[in-house]
Amino acid sequence: MKTIKLLVINGPNLNMLGVREPDIYGKKTYADLCEYIRGACAEQGVEAELYQSNHEGDIVTKIQEALGVFDGIVINPAAYTHTSVAILDALKAVALPAVEVHLSQVSEREAFRQVSYAGLACVRTVAGLGFEGYREAVLTLKGILEK
Ligand code: DQA
C-alpha cells in the first residue's frame with residue numbers, strides 16, 4: 001500500500017509553546033510537539049511534513065499547495081480558528097480530509113473561542129487532549145484514508 005502523507009499545520013503563537021500561558025498549554029515546547037508528532041506518525045507508518053506559521057495568508061498558501069502532494073491535513077489553526085474564513089475556504093478548496101486539533105479544551109474557554117470556521121471543513125475536531133490530540137488526528141485520517 002502507498003505510504004500516507006500528511007501535512008501538519010500549526011498556526012500563530014504555537015511556536016511559543018513552553019513560554020506562552022503554561023497553565024493552559026503546558027511547559028513543553030514547539031520542538032517537543034514536533035518530536036511527538038513525528039513519533040506518532042512513525043509509529044503509524046505515516047509520512048508527515050510539519051509546518052508552523054504566524055501568518056494567515058501563508059497558511060492559506062500552504063493548504064493550497066497540499067493539493068496533489070498530501071493525502072490529508074492535521075491543522076491547529078490556533079487563534080485563526082475563530083476568525084479565518086480564508087483558512088476555511090482553502091480547506092474546502094483542496095477538499096482533502098482534515099482534522100482540527102486544539103491543545104486546550106476550547107469549549108470550556110471564552111465565548112469568542114466557541115466558533116470554529118476551520119472546523120466546518122474538518123471531519124473531526126479533537127480538543128483538550130494536549131499533544132495526544134495530534135496522535136488522535138493522525139489515527140482518524142489513517143482510518144479514513146485506508147478505507
Ligand atoms: C488553541 C486554542 C485557540 O483558541 C488559541 O487561540 C490558540 C491555541 C489550542 O491549541 O488550544 O492559540 O488552538
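These notebook entries concern the ligand and the pocket around it in a predicted model.

Entry 1, conventions. I number residues from 1 along each chain as its sequence is written, and I use heavy atoms for side-chain values, leaving out hydrogens and water. As the model is predicted, I require pLDDT of at least 70 for local features and 80 or more for side-chain atom pairs, while totals for chains, interfaces and linings use all residues.

Entry 2, pocket. I looked up the largest pocket (an open set of points on a 1 Å grid over the protein atoms alone, where a 1.4 Å probe fits, with protein on both sides within 12 Å along at least five of seven lines). I find about 160 Å³ of space in this pocket, as filled by probe spheres set on the points. Its lining (residues with an atom within 4 Å of a point) has 15 residues, and Arg20, Tyr25, Ala78, Ala79 and Arg113 lie nearest the centre.

Entry 3, ligand. I place the ligand in the largest pocket, the criterion being more than half of its atoms within 2 Å of the grid points. I list its surrounding residues (a heavy atom within 4 Å), among them Asn76, His82, His102 and Ser104.

Entry 4, polar contacts (N or O pairs within 3.5 Å). I note ligand oxygen atoms at 2.7 Å from a polar backbone atom of leucine 103, at 3.2 Å from one of alanine 79, and at 2.8 Å from a side-chain N or O atom of arginine 113. I record that the protein covers 98% of the 320 Å² of accessible area (Shrake-Rupley, 1.4 Å probe) that the ligand has on its own.

Conventions
A polar contact is a pair of N or O atoms within 3.5 Å; within protein, one must be able to donate a hydrogen and the other to accept it, and residues adjacent in sequence count only if both atoms are side-chain atoms.
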